[in-house]
Structures are given as structure tokens and as C-alpha cells.
Amino acid sequence: MQPEHQQLWQNACSQLQGQSRQILESGEITRAGRTMHFVHKKKGERPENGYSLIFGLHGGGGVPKETNDQQFSNHKNLYGKYLEDGTIWVAPRSVEDKPDMWRKPYMEDFLYGLTQAFTSLNLVDPNKVFLTGYSAGGDGVYHMAPRMADHFASAAMMAGHPNNVDLHNIRKLPFAIQVGGKETPYNRNVLAQKYIDIIDEYRDEYGGFEQNSQVRPNKPHWMDFEEK
């Protein structure tokens with residue numbers, strides 16, 4: 001970064017730090033009249049260039065609030081023992097209890113806003129921000145990754161449904177599709193393989209489109225952490 005750009009960045013961060021501390025300490029962020037609650041957990045010491053930031057979108061969807069609350073609670077520590085040192089795990093609670101809760105048009109504002117809170121406090125390396133999601137959260141990854149392809153270093157979709165998403169925009173965003181071979185509800189297993197093949201076709205035609213994907217034989221909706 002050029003010195004003049006570095007100064008502009010530092011000035012911008014200093015203006016945001018008070019608000020950013022409030023967001024991280026309160027565990028909630030408000031945008032356009034909506035409030036999203038979240039938890040974040042650090043693992044290990046801060047690396048020289050900042051922590052890696054991993055968003056984890058919980059499952060649930062169009063179910064009672066209590067079910068989404070339980071899914072959110074489960075997601076807070078879902079991959080805790082598998083995370084590398086130097087990582088911050090962020091688990092947001094969906095704003096609405098809807099089937100498309102992670103695909104709402106306001107989701108960009110929340111993910112950008114949370115990333116800004118961490119980076120303005122010099123906690124996170126902005127080049128190491130990642131998106132993951134399981135089940136309904138995986139639905140969100142299918143859609144948010146192409147919508148925010150320039151924001152993330154990579155994205156991982158677990159046990160979700162693509163809902164006819166177009167993935168052309170992830171050409172330079174490494175992507176993972178992980179679904180159980182017995183994941184028959186809503187044809188998630190069949191559609192996962194279809195989209196794996198589509199990404200391969202895009203790679204052959206355009207270049208890019210790096211993926212680490214697999215339909216895991218004999219695994220149902222819950223993959224026993226094989227997707228980690």
C-alpha cells in the first residue's frame with residue numbers, strides 16, 4: 001500500500017473505531033433499521049497481519065424461532081476444535097426466520113459491516129475473510145459468494161440447496177461444495193454434483209473456478225465433520 005493510501009486507511013479506521021468497539025462488545029449490529037446478533041471467538045494469538053475471519057451461517061430457515069435459536073447456539077462452537085490458531089470465528093443469528101434468511105438483499109450490509117468492525121480495529125487481515133454455512137446457511141453461501149465474490153478469500157457451502165443460483169461470478173473465488181451422498185431431501189445430493197460439474201465446465205471454458213468439492217458417499221445431512 002502506498003504511503004498516502006496507508007494514511008487514508010488509518011484515518012478511516014480511526015473514525016470507525018468507537019462504533020466498531022461498540023458493535024463487537026455488544027454482539028449486535030444494526031443496518032437500515034434491522035439488527036443482527038452475533039458471537040465471535042478468537043483462537044490463538046493475533047498473527048502479524050491480523051487474524052483470519054471466518055463467518056459461519058447457521059442452519060434452520062423457515063422454522064419456528066426456537067429452532068433457529070437452537071441452530072444458532074449449535075453453530076457458535078461448531079468447528080471450534082478444528083479451527084487453526086490465528087482465527088476469529090463469527091456466528092451471526094439470522095435476522096428473520098425465513099427459508100431465504102441468508103439470501104435477503106440486506107445481507108451484504110451486515111457482512112460488510114461486521115468485516116469493517118474487525119478490520120478497523122486492526123484485528124483482522126482483510127485479505128483473509130472467509131464465508132461458510134451449513135444447511136440453510138449453505139443456501140446462503142451459494143448466493144452470497146457470487147454476490148460478494150470480491151470480499152472473500154474463499155467460500156465453503158455445506159449441505160445446502162443452490163436454488164438456481166448462477167455461479168459465473170466466483171471465477172476468482174475458491175469455492176467448496178460439501179454434501180452427503182444420502183442427502184436426498186430437496187435433491188441436495190443430485191444438485192450438489194450438478195453444480196460441481198458446472199464449476200468444472202466453467203473452469204475449462206474460462207480458467208479460474210478453483211474448487212474443493214465432494215459429494216460424500218454414505219453421509220446424510222450431517223457429515224460427521226468430514227466436510228471440515
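## Exercises on the central sheet

**Exercise 1.** Find the strands that pair with β3 and the residues that face each other.

Start with β4: strand β3 and strand β4 (residues 87–92) pair in the parallel sense over four bridges. Strands here are DSSP E runs of at least two residues, helices are H or I runs of at least four, and both are numbered from the N terminus; two strands pair if DSSP finds at least two bridges between them. Within this pair, L53 stands opposite I88 in β4. Now turn to strand β5 (residues 124–134), which pairs with β3 in the parallel sense over six bridges. Here F55 has L131 as its bridge partner.

A word on the model: it is predicted, with local features needing pLDDT of at least 70 and side-chain atom pairs pLDDT 80 or more, while totals for chains, interfaces and linings use all residues. Residues are numbered from 1 along each chain as its sequence is written, and side-chain values use heavy atoms, without hydrogens and water.

**Exercise 2.** Work out how enclosed β3 is.

Take the two faces in turn: Y51, L53, F55 and L57 point one way, S52, I54 and G56 the other, and all are buried (under 20% relative accessible area; exposed is over 50%, partly exposed in between; 1.4 Å probe, protein chains only). Seven of the seven residues of β3 (residues 51–57) are thus buried, so the strand is largely enclosed by the rest of the structure.

**Exercise 3.** Place Q178 in its surroundings.

First, locate Q178 in strand β7 (residues 175–180). Next, check its accessibility: at 5% relative accessibility, Q178 counts as buried. Finally, list contacts (heavy atoms within 4.5 Å): leaving aside neighbours within four places in sequence, Q178 touches residues including M157, N212, R216 and E227.
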